[in-house]
Amino acid sequence: MSQRLGDLLVKEKVLSPEQLEKALETQKQSGGKDRLGSILVKLGFLSDDDVTNFLSRQYGVPAINLQFFEIDPAVVKLIPEATAKRYQILPLSRVGAALTIAMVDPTNVFAMDDIKFMTGFNIEPVVASEAAIMEGIERAYHQEKEEEKLEDIMASMGDEQTDVEVQEAEAEATLAELEKGADEAPIVKLVNLILTDAVKRGASDIHIEPYEKEYRVRFRIDGMLQNIMSPPMKLKDAITSRIKIMSRLDISEKRLPQDGRIMLKMVLNGRKKQLDYRVSCLPVLWGEKIVLRLLDKENLRLDMTKLGFEPESLTKFHAAIIKPFGMVLVTGPTGSGKTNTLYSAISTLNKPDTNIMTAEDPVEFQLAGVNQVQMKEAIGLNFAAALRSFLRQDPNIILVGEIRDFETAEIAIKAALTGHMVLSTLHTNGAPETISRLMNMGIEPFLVATAVHLIVAQRLIRRICSNCIVDDDLPEKTLIEAGFTPEEAKTVKPKKGKGCDKCHGSGCKGRAGLYEVMALDDELRELILVGASSVELKKKAIDNGMITLRRSGLRKVMDGAASIEEVVRETINS
């Protein structure tokens, strides 16, 4: 067929004689193993579709795109895998006594006779490219092996999943729209297992990541990512589709990032739980990476006394938020617990006679009695637009999810100066640096000095596992370098976790907050007005009794709640 195909392509002016000559030379060098059609595709002279469509027209045989064809597993069993590979054919479906097979060469009567004799059915050939057929053979004949591997993965994660029942809230209407691959029982089971196992392990995030030769699932537990499983590569698209359908995303859009939400009800250890997953889907080099943020209401601590504030820091924070107007800022990196601190403040202030308005992106938890607004940048509803509208809604307390730009900062400052209590977040490393950040945004020093009452910088560190806590014998020099005074270094007894089954060998279980609370007094305001640097502000704040993040961490070490290693990793000595 090769010579004939080449001549026909040249005759139809699909291929030039020079290109055919080069392709035949390449075929000769390979010892005639590769088909001419495949060589033309590899050399870039034609595409798979060009060759397939040409053969279809030439021989009057329909062409098929196997990528979108659902192969009948029962029909695959009629022809051994070795035979399918030898003839480069793929059985697709059977209607009555007619068996439809995809072929690279629709003129290969020997193959058709052999298959007819083997199966007893009449053969109906369709054309597909060699690459598509070989990929289809892999997919069709290895399906059962993949399912067995999947069962092994689920079994290796333990039998605890039997007490979990997942109910998709508000998802019934979309089930009919599921693609077959995403709705197959093993995929549904695996995705449910990933979502529920994250709850059992106390994970805050689930990362599902495709790479060239690996597909992995990681959980962020107590702030650290841990490898959990590596599902078969073949399940990549089905898992992605399943999660997209559950979170109401467009499964056909694979080029743009998408954000969604999954609401689940489950029975866990005999108790009903409602869970909320924030879903982010991002196109990467080898597919789509999915990150799910687990928002578990039971983990939301609204009691400020349980957040981990030192008593004197908590007193300052509480005194600032109960003022009738002004601004309180919470700073820190993503995932440092800022939202939890702000929600705790709002919960404390939430009374029937108070109007609380929040602008959030996204709204993580729904709070009773609080007017929460979800930002929608696509239609122009950003923090600045929401803030302007809030001022016409007679608010007492305003929460702005984040101050990102001059416009938002300016409106928030003005709101704080006109009789409203404004709570917000910023991304800075420490409390004193926040003042410089606001001024760098373009806010006048006198406005910052007048409006801002208090700034909280915070971090989250891992607590030592109470089940495997042991003494950590460190030299005094190390303790002094960490920030302890020579006197403290003589008496402090640091602890660490040696690792056990309960903490999965990490030595840590749960997290604790570190807080740096800077209340603006007259001395600090004077320094702000004269343009003092963040270093000068920090020095004055420490002189006035501010506990730094490092010092807050060292107190946790003294209490046996955290290890020196954790505190040093998350804070700097100053």
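Here is a friendly exchange about how some labels in this predicted model are earned.

Me: Why is helix 14 called roughly parallel to helix 15?
Reply: Their axes, for residues 383-390 and residues 406-417, come within 8 Å and cross at roughly 20 degrees. Angles under 35 degrees count as roughly parallel, so helix 14 is roughly parallel to helix 15. The crossing of helix 14 past helix 15 is left-handed.

Me: Which residues of helix 14 meet which residues of helix 15?
Reply: On the helix 14 side they are Phe383, Ala384, Leu387 and Arg388, and on the helix 15 side Glu407, Thr408, Ile411 and Ala412. Sorted by class, this contact has five nonpolar, one polar and two charged residues.

Me: What makes helix 12 oblique to helix 13?
Reply: Helix 12 (residues 311-321) packs on helix 13 (residues 338-349) at about 60 degrees, and the axes are 11 Å apart. Roughly parallel needs an angle under 35 degrees and roughly perpendicular takes 65 to 115, so an angle of about 60 degrees is left as oblique. That is why helix 12 counts as oblique to helix 13. Here the crossing is right-handed.

Me: And which residues make that contact between helix 12 and helix 13?
Reply: Phe317, His318 and Ile321 in helix 12 meet Thr341, Ala345, Thr348 and Leu349 in helix 13. By class, the contact of helix 12 with helix 13 divides into four nonpolar, three polar and no charged residues.

Me: Let's turn to charges. How many salt bridges does the structure hold?
Reply: There are 25.

Me: How do you know that Lys289 forms a salt bridge with Glu209?
Reply: The closest N and O atoms of Lys289 and Glu209 are 2.7 Å apart. The cut-off is within 4 Å, so the pair qualifies. Lys289 sits in strand 10 (residues 287-295) and Glu209 in strand 5 (residues 203-210), so this pair, 80 residues apart, links distant parts of the chain.

Me: What makes Glu209 buried?
Reply: Its relative accessible area is 2%. Buried means under 20%, so Glu209 is buried.

Me: What about the salt bridge of Asp276 and Arg261: are these two buried or partly exposed?
Reply: Their side chains meet at 3.0 Å, N to O. The pair joins distant parts of the chain, with Asp276 in strand 9 (residues 271-284) and Arg261 in strand 8 (residues 258-268), 15 residues apart. Asp276, at 10%, is under 20% and therefore buried. Arg261, at 27%, lies between 20% and 50%, so Arg261 is partly exposed.

Me: Why is Arg404 called partly exposed, and what is Glu402 called?
Reply: The side chains of Arg404 and Glu402 meet in a salt bridge of 3.3 Å, N to O. Arg404 has a relative accessible area of 39%, in between 20% and 50%, so Arg404 is partly exposed. Glu402 has 18%, under 20%, so Glu402 counts as buried. Elsewhere, salt bridges that share partners join Glu209, Arg216, Arg218 and Lys289 into one network.

Me: How do you know that Arg462 is buried?
Reply: Arg462, in strand 16 (residues 452-464), has a relative accessible area of 14%. That value is under 20%, so Arg462 is buried. Not counting residues up to four places away in sequence, Arg462 touches residues including Asp222, Met224, Ser506, Cys508, Glu566 and Arg569.

Note on methods
Residues numbered from 1 in each chain as written. Predicted model: local features only at pLDDT ≥ 70, side-chain atom pairs only at ≥ 80, totals over all residues. Heavy atoms only, no water. Axes fitted to C-alpha atoms, helices over the stretch in contact; angles between N-to-C directions. Helix = DSSP H or I, 4+ residues; strand = E, 2+ residues; numbered from the N terminus. Parallel < 35°, antiparallel > 145°, perpendicular 65-115°, else oblique. Left-handed = near helix turned anticlockwise from the far one by under 90°. Contact = heavy atoms within 4.5 Å. Nonpolar A, V, L, I, M, F, W, Y, C, P; charged D, E, K, R; others polar. Buried < 20%, exposed > 50% of the residue type's maximum accessible area, 1.4 Å probe, protein only.
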